[in-house]
Amino acid sequence: MVTSCGDDETPTPTPTSADTSTPTPTPTPTSTAPIAFSVTQDFAASSANTNAIVGFFTPDGSTSEVFSSAARVNGTAVIELDTTPDTASFGFPDIATLLVFAAADFVSVSATERRYARGDEALTLFLPATHIMRVTYDLDDQAFTRDNVAGTLRSRRSSLFFNPVTTTDDITAALTYTGTAEAFGGAPGVTPSGILTVTATNLVVTPGATATAADTVTITIEIFETVNNVSTRVATLVMTDDVTTNGTFFGDIDDNTFGLDGEFAGSLAGPNREEAFLVFSVTDDDPADADNRRFVGSWIGAR
């Protein structure tokens, strides 16, 4: 479920927040045929329920940017890269019009990243693996009012695109995936941007005791706030649940140590389960208190 930020004034488009008690649909690619994701060659892809959005607020007259809002966003995102002529098109669930960046907006390309920018907008195609791509759309300098304070908003929308698992072979030995995580959040209107660091254990798929028993996925992600070179842990997210026959998984997160509840959803990726990813969202588990901490993030890895 997607709702508004709840702030005084909303730009268009605006960051959104989500009720994490609402079950999250599992990620869904649009095609079972493998897509050759690339930052230099033509391709097109779409994916559902793999999206997130985060916003950062800077009061007028200040240079101190703070976290404003973040959420998972269900719905379908699309990405298409055409190299002749150079055009990158991105669609996100809460943006009605397809965003198109042309050759004049091209900034740079490397082995894993292609970037476009114009004015206050930027589009980045990031290829951390073979079968998974992250696309981010950044929009800066949006007029915004938070808690009766005027300022500007910087928002980032991100979507993950992936090739689904096509093998039907039974998992008979543990699959271990090594990767990296990212997270955004904190206390809205309070936590400075750029102070979060994230560590994660390997994501492990453990086969069921029998061929018909469910396989399980397990990973732990820890989030730290780093201020003046001192890191303080603010979340320990233990995620474990069954893996469906098509490689997707989802479950609840209950961080009793730091008072956070939420959900995660992800999928194994690639025809032979070569890679994996997940997205997560947690919030303060006591709606009656004044603590509105929220963290949203993702993890991508390969074996």
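1. Start with strands E17 and E18. In this predicted model, strand E17 (residues 203-206) runs antiparallel to E18, and 3 bridges join the two. If you want a spot to click on, try Val205: its bridge partner in E18 is Val217.

2. Stay with E18, since it has other partners to look at. Strand E16 (residues 196-200) is joined to strand E18 (residues 215-227) by 5 bridges, and again the strands run antiparallel. Here you can pick out Thr197, whose bridge partner in E18 is Phe224. A bit of background helps with this: strands of a sheet pair through backbone hydrogen bonds, either parallel or antiparallel.

3. What do E18 and E19 form together? They make a hairpin, with 2 residues between the strands. The pairing of E18 with strand E19 (residues 230-243) is antiparallel and covers 13 bridges. Val227 has Val230 in E19 as its bridge partner. Have a look at the turn as well, where Asn228 has a positive phi of about 55°.

4. Now move to another part of the chain. An open sheet is built from 5 strands, in the order E3-E4-E7-E8-E9, with antiparallel pairing. Which strands sit at the edges? They are strand E3 (28-29) and strand E9 (99-102), and each of these pairs on one side only. E9 pairs with strand E8 (residues 86-91) in the antiparallel sense, over 4 bridges. Along that pairing, Phe90 stands opposite Leu99 in E9.

5. Next, the rings. The structure holds 10 aromatic pairs. One of them is Phe106 with Tyr116, an edge-to-face pair at 5.9 Å centre to centre with 75° between the planes. Phe106 belongs to strand E10 (residues 106-109) and Tyr116 to strand E11 (residues 113-118), so this pair ties together parts that are 10 residues apart in sequence. Are the two rings' residues buried or exposed? Phe106 is partly exposed, with a relative accessible area of 32%, while Tyr116 is buried, at 0%.

6. Compare that with Phe162 and Phe277. Their rings form a tilted aromatic pair, 4.8 Å centre to centre and with 55° between the planes. Phe162 lies in strand E14 (residues 149-162) and Phe277 in strand E22 (residues 275-284), so the pair ties together parts that are 115 residues apart in sequence. Both Phe162 and Phe277 are buried.

7. Back to Phe106 and Tyr116 for a moment. Along with Phe101 and Tyr137, they form one aromatic cluster. There is a charge here too: the charged end of Arg118 sits over the ring of Phe101, 4.0 Å from the ring's centre.

8. Finally, look for empty space inside. The structure holds 3 cavities of 30 Å³ or more, and the largest has about 140 Å³ of space. This largest cavity is lined by 16 residues, and the closest to its centre are Ala52, Ser158, Glu182, Val296 and Ser298.

9. Which elements give two or more residues to that lining? They are strand E5 (51-59), E14, strand E15 (175-186) and strand E23 (294-302). E14 gives the most, with 4 residues. You have already met E14 as the strand that holds Phe162. Sorted by class, the lining of the largest cavity has 8 nonpolar, 5 polar and 3 charged residues.

Technical notes: Residues numbered from 1 in each chain as written. Predicted model: local features only at pLDDT ≥ 70, side-chain atom pairs only at ≥ 80, totals over all residues. Heavy atoms only, no water. Pairing = 2+ DSSP bridges. Phe/Tyr/Trp six-rings, centres within 6.5 Å; stacked < 30°, edge-to-face > 60°. Buried < 20%, exposed > 50% of the residue type's maximum accessible area, 1.4 Å probe, protein only. Lys NZ or Arg CZ within 6 Å of the ring centre and 35° of its normal. 1 Å grid on protein atoms, 1.4 Å probe; cavity = no way out; pocket = protein on both sides within 12 Å on 5 of 7 lines; lining within 4 Å. Points joined across faces, edges and corners; volume = space filled by probe spheres on them. Nonpolar A, V, L, I, M, F, W, Y, C, P; charged D, E, K, R; others polar.
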